[in-house]
Protein chains: 2
Amino acid sequence: MSDRYKYLLPEKDLPKAWYNINPDMPVNPAETAWNAVLHPGTKEPVTPDFLSVLFPMRFIGEAISMDRWVEIPEPVREIYKLWRPSPLYRARRLEKALDTPAHIYYKYEGVSPVGSHKPNTAIAQAFYAKEEGVVGFTTETGAGQWGSAMSMACNLFDLECHVYMVKVSFYQKPYRRILIESYGASVTPSPSDKTQYGRKVLAEDPDTPGSLGIAISEAVEAAVTSNGKYKYSLGSVLGPVLMHQTVIGLEALKQFEMAGEYPDIIIGCAGGGSNFAGFAFPFLHENFTNGQNTRVIAVEPTACPTLTKGEYTFDYGDTAAMAPVVKMHTLGHTFVPPGIHAGGLRYHGMAPHVSALLDNGDIEAVAVHQIPTFEAAVQFARAEGIIPAPESAHAIKVAMDEAIKCKEEGVSKVIAFNLSGHGHFDLGAYDAYFQGQLEDYAYAEDKVKEAMTHLPEVNLG
Amino acid sequence: MSDRYKYLLPEKDLPKAWYNINPDMPVNPAETAWNAVLHPGTKEPVTPDFLSVLFPMRFIGEAISMDRWVEIPEPVREIYKLWRPSPLYRARRLEKALDTPAHIYYKYEGVSPVGSHKPNTAIAQAFYAKEEGVVGFTTETGAGQWGSAMSMACNLFDLECHVYMVKVSFYQKPYRRILIESYGASVTPSPSDKTQYGRKVLAEDPDTPGSLGIAISEAVEAAVTSNGKYKYSLGSVLGPVLMHQTVIGLEALKQFEMAGEYPDIIIGCAGGGSNFAGFAFPFLHENFTNGQNTRVIAVEPTACPTLTKGEYTFDYGDTAAMAPVVKMHTLGHTFVPPGIHAGGLRYHGMAPHVSALLDNGDIEAVAVHQIPTFEAAVQFARAEGIIPAPESAHAIKVAMDEAIKCKEEGVSKVIAFNLSGHGHFDLGAYDAYFQGQLEDYAYAEDKVKEAMTHLPEVNLG
């Protein structure tokens, strides 16, 4: 056993390929790739042609690829090197604070310039668009994490970036907005009068605070009506996005080799599913092909319990029913989760890959409440120094619960979680917690039941 | 020449000793150690006994030590390991953007949990106090960087921490305040009714926004009147503080060995002088003893040009003339610098060591304006991804100027600067810059002249 706190992988060991889970999926890959993505109008499988209006062709190709290893393009790797490989930490001080025989590790993605894992895919998407000669991207952002990642990525490839930011966040989270602008992107509070859909929403309700669903619709419309000038980018849910994030887990595998240990339990928080998948899928690959038997746990908020309470069925990807229909765990696309501070976990659905793996029993899911999650986050911060993002705190909470179980049962396990981002832009949430102003939202069963009556009618013959 | 972007030193190469420049000072060390520190009342050299009310004895011992290498205590090294060794970056994308033959490197201290170099000394000071069995610390903070470092350090050693935060910052920079509270410290807006001095100031002007000078006076009073319960801690200026920061430069020396290059120019921003000294002193040691001839440049704001315009003479360390008198470059302790966004560089004086080295010609000093500094910061951020703290941007500005000179002269030099912190809590300043609302304060010669009439009368016989 090593004495080290950090396992720093040399730059030369930065992975050369992403792990594509498609060929290893325990279900018909058609259900998780584009051919099970249905047009929101016709409910027929969409074609690459239809999608190419929105996404770069190389991105679409990745979605249907059955190659287990997909080369990371050299220009993408070069930018990764600005902060990657990210460190794997042994949380020795947290172990001591919990007085647990467990070994707790965390992979820290907060070292990226925007403070989260999001650039791992933003960089790739920007590179693909640059290759295809487009002018830039449109995208949406809720709390601002994805917007800042995409803005930085576009800047590095000399692309324009136009971000539709949910209006209430635009005004309440000025720091995220300024961060996005610092990299040169334009930020528009959504709904706006720049799009037909935005004007329609504003006409109906001029004072609407906006929503992620509305912002997605505006960004999609802006790309679709640009005559190929702009592509649209999404920061989670889709297969290629999950794949780009696997650089996290692939690095971690090598770092565990350096540490001379192998994780018994792998934990990640799951909103759309991308940081969870990016960390966990390479370990699942070891389970599938190398005889490992690691438990893999996705953690979600009780307030938006997609995996633990949602149904595995076809639903729209967005609130406005304008995005494609996919098979996933969903609470119903019209379900509006309460205003928990982990904004990145407020999604009614879940990545189709993650959903299918849960359905097949390859992974587990746990839901945790907001207040104990912040409690865990503060205990972690006081032991390890790092203030976690509220989303990542969900993974911390379950890692600590598992470590305490180890103590109770007198067994030493190796527990690893993905610390997907820092909380420097979320300190308002911590303040609310310290002031005792956080709510511990329960599962809104009635609202979900109502939302589930609005599922699309799908007939796959 | 290596192809790498980052030079990551393994944990085992974390320095085991700090570099104490006292024995290598080109002037009588008495002038830079405690024995040239004068009591603010009597103007006589202070005694260790007098100082021990304020500082831990081990800290005082370091100030007068003539040992070139001072062992870093193991419990301090253990906490350093949470984020140290910090990375040395080759700024390849910035070099490309500037089209310069120069090789630009930066040491990045923003990886610490609070985002700056400040914990390097906060951890040591907290450990010394813990050794001596005190209950905790009082300290002051302006913009909040030092307060968050001290709060984290105290928490890690189970010490109380009471921070007096300049009132205007307390309300204008809630994120820094919350960060301090997250680690468990109490934060009091200063002036407060907790101290005699605070009550006096409030009686005279109930609506005062406060100042760093007032906050220092309150923190000092709270420690002095605590019957040994609390010590007082300072985040810059003093010899031991500079010494604790040398871990930065010592790591950098080893990292340049990995890179197979040696810097021709070393650059740091200088407010009180601690991040500059921490980065530069180990390279000065190479100049003094190993025949190196590296240029060492301290960068300050034109608005507060202590080194480039100040006089090298005896002055009070604080505005209220309650702190000891030391020989340093000063603009006069009553000089109030304009409200530049680099709050950490708004100090009327300078570390005595740094002052003496400038006086002796061992280092150079340059002053830069606010707006071109932000311009450089944004260009750096768009090339390298990292948003720098406004203080650190001063070093970036001069590094870029030197790199452009290299291009003009057709010579390739190795230029290295200390990126002492990130700007996540300073995005309001960037917003002001983007909105064209920044002022380019000139040197206020008249105000400095007036302030210089208030120097203490010192008669060292």
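How many residues of chain A are in contact with chain B, and how many of chain B with chain A? In this predicted model, 46 residues of chain A are in contact with 46 residues of chain B, and the legends below take up this interface, the relation of the two copies, and the two domains of chain A.

**Figure 1. The interface between chain A and chain B.** The area buried between the two chains is about 4000 Å², and carbon and sulfur atoms give 56% of this area. Between chain A and chain B there are 27 residue pairs in polar contact, counted where both residues have pLDDT 80 or more. On chain A, the side that touches chain B draws at least two residues from each of helix H3 (74-80), helix H6 (145-156), helix H8 (174-182), helix H16 (370-384) and helix H18 (427-434). Of these contributions, the largest share comes from H8(A), which supplies six residues. Sorted by class, the residues on this side of chain A are 24 nonpolar, eight polar and 14 charged.

**Figure 2. A salt bridge that crosses between the chains.** Four salt bridges are counted between chain A and chain B, and the structure as a whole holds 35 salt bridges over all chains. The view shows the side chains of B:Lys6 and A:Glu11, which meet in a salt bridge with an N to O distance of 3.2 Å. On the chain B side, B:Lys6 lies in strand E1 (residues 6-7), whereas its partner A:Glu11 belongs to the loop between strand E1 (6-7) and strand E2 (17-19) of chain A.

**Figure 3. The relation between the two copies.** Chain A can be laid on chain B by a turn of 180° with a shift of 0.0 Å along the axis, and the RMSD is then 0.0 Å. The two copies are thus related as by a two-fold rotation axis. The same surface serves both copies, in that 100% of the contact residues of chain A recur in chain B.

**Figure 4. The two domains of chain A and the contact between them.** The domain assignment divides chain A into domain 1, made up of residues 6-15, 81-115 and 240-452, and domain 2, made up of residues 59-69 and 117-239. Taken over C-alpha atoms, the centres of domain 1 and domain 2 of chain A are separated by 23 Å. The contact takes 33 residues from domain 1 of chain A and 34 residues from domain 2 of chain A. About 2800 Å² is buried between these domains, with carbon and sulfur atoms giving 64% of that area. A:Val114, A:Pro240 and A:Phe425 together supply 25% of the area that domain 1 of chain A buries against domain 2 of chain A, which is more than any other three residues.

**Figure 5. Polar pairs and helices where the domains of chain A meet.** One salt bridge is counted between domain 1 and domain 2 of chain A. The side chains of A:Lys173 and A:Asp426 meet in a salt bridge, at 3.8 Å from N to O. There are also 15 residue pairs in polar contact between the two domains, with both residues at pLDDT 80 or more. Helix H11 (239-245), helix H12 (247-259), helix H13 (274-289) and helix H15 (352-359) of chain A each supply at least two residues of the side of domain 1 that touches domain 2, and H11(A) gives the largest share of that side, six residues. By class, this side of domain 1 of chain A has 18 nonpolar, eleven polar and four charged residues.

Definitions and conventions:
Residues are numbered from 1 along each chain as its sequence is written. Chains are lettered from A and ligands numbered from 1 in the order in which they are written. This is a predicted model: local features need pLDDT of at least 70, side-chain atom pairs count only at pLDDT 80 or more; totals for chains, interfaces and linings use all residues. Side-chain values use heavy atoms; hydrogens and water are left out. Contact means heavy atoms within 4.5 Å. Buried area is the accessible area (1.4 Å probe) that two parts lose on being put together, summed over both. A polar contact is a pair of N or O atoms within 3.5 Å; within protein, one must be able to donate a hydrogen and the other to accept it, and residues adjacent in sequence count only if both atoms are side-chain atoms. Helices (H or I, at least four residues) and strands (E, at least two) are DSSP runs, numbered from the N terminus. Ala, Val, Leu, Ile, Met, Phe, Trp, Tyr, Cys and Pro count as nonpolar, Asp, Glu, Lys and Arg as charged, and the others, Gly among them, as polar. Copies are superposed by least squares on the C-alpha atoms of residues with pLDDT of at least 70 in both. Domain bounds come from an automatic or database domain assignment.
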